[in-house]
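Grab a pencil and work through these exercises with the structure open beside you. Each task is followed by a solution that goes step by step.

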Amino acid sequence: MDSKHQKTLEAIFEKPDRANILWSNIEALLIALGAEITAGKGSRRRVALKGVRAVFHRPHPHKETDKGAVKSVRRFLEAAGVKP
């Protein structure tokens, strides 16, 4: 995991929750952590990491992830044992 991924991970765990994290950075972080990402129907992305599975909606038309999605990604990472 490089420094860009580390910064994204820290941003996901920041309080108060951020709403300006690029989805592409989150996907890159998940891939660097070893997650499998597959496309679902429409904007859905299925993610599997360390036996934990989740479905996220890729934001559109904007590139930034909203606060609710950031919270979901944080809970997913915590369940998979990933912390900054």
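**Exercise 1. Is Phe56 buried or exposed?**

Solution. Phe56 has a relative accessible area of 6%, so Phe56 is buried (buried means under 20% relative accessible area, exposed over 50%, partly exposed in between; 1.4 Å probe, protein chains only).

Before you go on, keep in mind that this is a predicted model, where local features need pLDDT of at least 70 and side-chain atom pairs count only at pLDDT 80 or more, while totals for chains, interfaces and linings use all residues. Residues are numbered from 1 along each chain as its sequence is written, and side-chain values use heavy atoms, with hydrogens and water left out.

**Exercise 2. Find the aromatic partners of Phe56 and say which parts of the chain they join.**

Solution. Step one: look at Phe76. Its ring forms an edge-to-face pair with Phe56, 5.6 Å centre to centre and with 85 degrees between the planes. Phe56 sits in strand β4 and Phe76 in helix α3 (residues 67-79), so this pair links parts of the chain that are 20 residues apart. Like Phe56, Phe76 is buried. Helices (H or I, at least four residues) and strands (E, at least two) are DSSP runs, numbered from the N terminus.

Step two: apply the pairing rule. Rings of Phe, Tyr and Trp (its six-membered ring) pair if their centres lie within 6.5 Å; planes under 30 degrees apart are stacked, over 60 edge-to-face, and the rest tilted. The rule gives two aromatic pairs. Trp23 and Phe56 make a tilted one, 6.2 Å between centres with 55 degrees between the planes. Since Trp23 belongs to helix α2 (residues 23-32) and Phe56 to strand β4 (residues 52-57), the pair ties together parts that are 33 residues apart in sequence.

Step three: put the rings together. Trp23 is buried too, at a relative accessible area of 4%, and Trp23, Phe56 and Phe76 form one aromatic cluster.

**Exercise 3. Which salt bridges does Asp17 form with Lys15, Lys71 and Arg74?**

Solution. Step one: set the criterion. A salt bridge is a side-chain nitrogen of Lys or Arg within 4 Å of a carboxyl oxygen of Asp or Glu. The whole structure holds five of them.

Step two: start with the sequence neighbour. Asp17 bridges to Lys15, with the closest N and O atoms 3.9 Å apart. Lys15 is exposed at a relative accessible area of 61%, whereas Asp17 counts as buried at 14%.

Step three: move on to Lys71. Here the N to O distance to Asp17 is 3.7 Å. Asp17 lies in the loop between α1 (3-13) and β1 (21-22) and Lys71 in helix α3, 54 residues apart. Lys71 is partly exposed, at 36% relative accessibility.

Step four: add Arg74. Its side chain meets that of Asp17 at 2.2 Å, N to O. With Arg74 in helix α3 and Asp17 in the loop between α1 and β1, the pair ties together parts that are 57 residues apart in sequence. Both Arg74 and Asp17 are buried.

Step five: combine the results. Lys15, Asp17, Lys71 and Arg74 are linked in a network of salt bridges.

**Exercise 4. Describe how α3 packs against α2 and α1.**

Solution. Step one: axes are lines fitted to C-alpha atoms, for helices over the stretch in contact, and angles run from 0 to 180 degrees between N-to-C directions. Under 35 degrees counts as roughly parallel, over 145 as roughly antiparallel, 65 to 115 as roughly perpendicular and the rest as oblique.

Step two: take α2. The axes of α2 and α3 come within 13 Å and cross at roughly 5 degrees, which means that α2 is roughly parallel to α3. Trp23, Ile26, Leu29 and Leu30 of α2 meet Val73, Phe76 and Leu77 of α3 (contact means heavy atoms within 4.5 Å). This contact has seven nonpolar, no polar and no charged residues. Ala, Val, Leu, Ile, Met, Phe, Trp, Tyr, Cys and Pro count as nonpolar, Asp, Glu, Lys and Arg as charged, and the others, Gly among them, as polar.

Step three: take α1. Its axis lies 9 Å from that of α3, at an angle of about 110 degrees, so α1 is roughly perpendicular to α3. The contact is made by Leu9, Ile12 and Phe13 of α1 with Val70, Val73, Arg74, Leu77 and Glu78 of α3. By class, these are six nonpolar, no polar and two charged residues.
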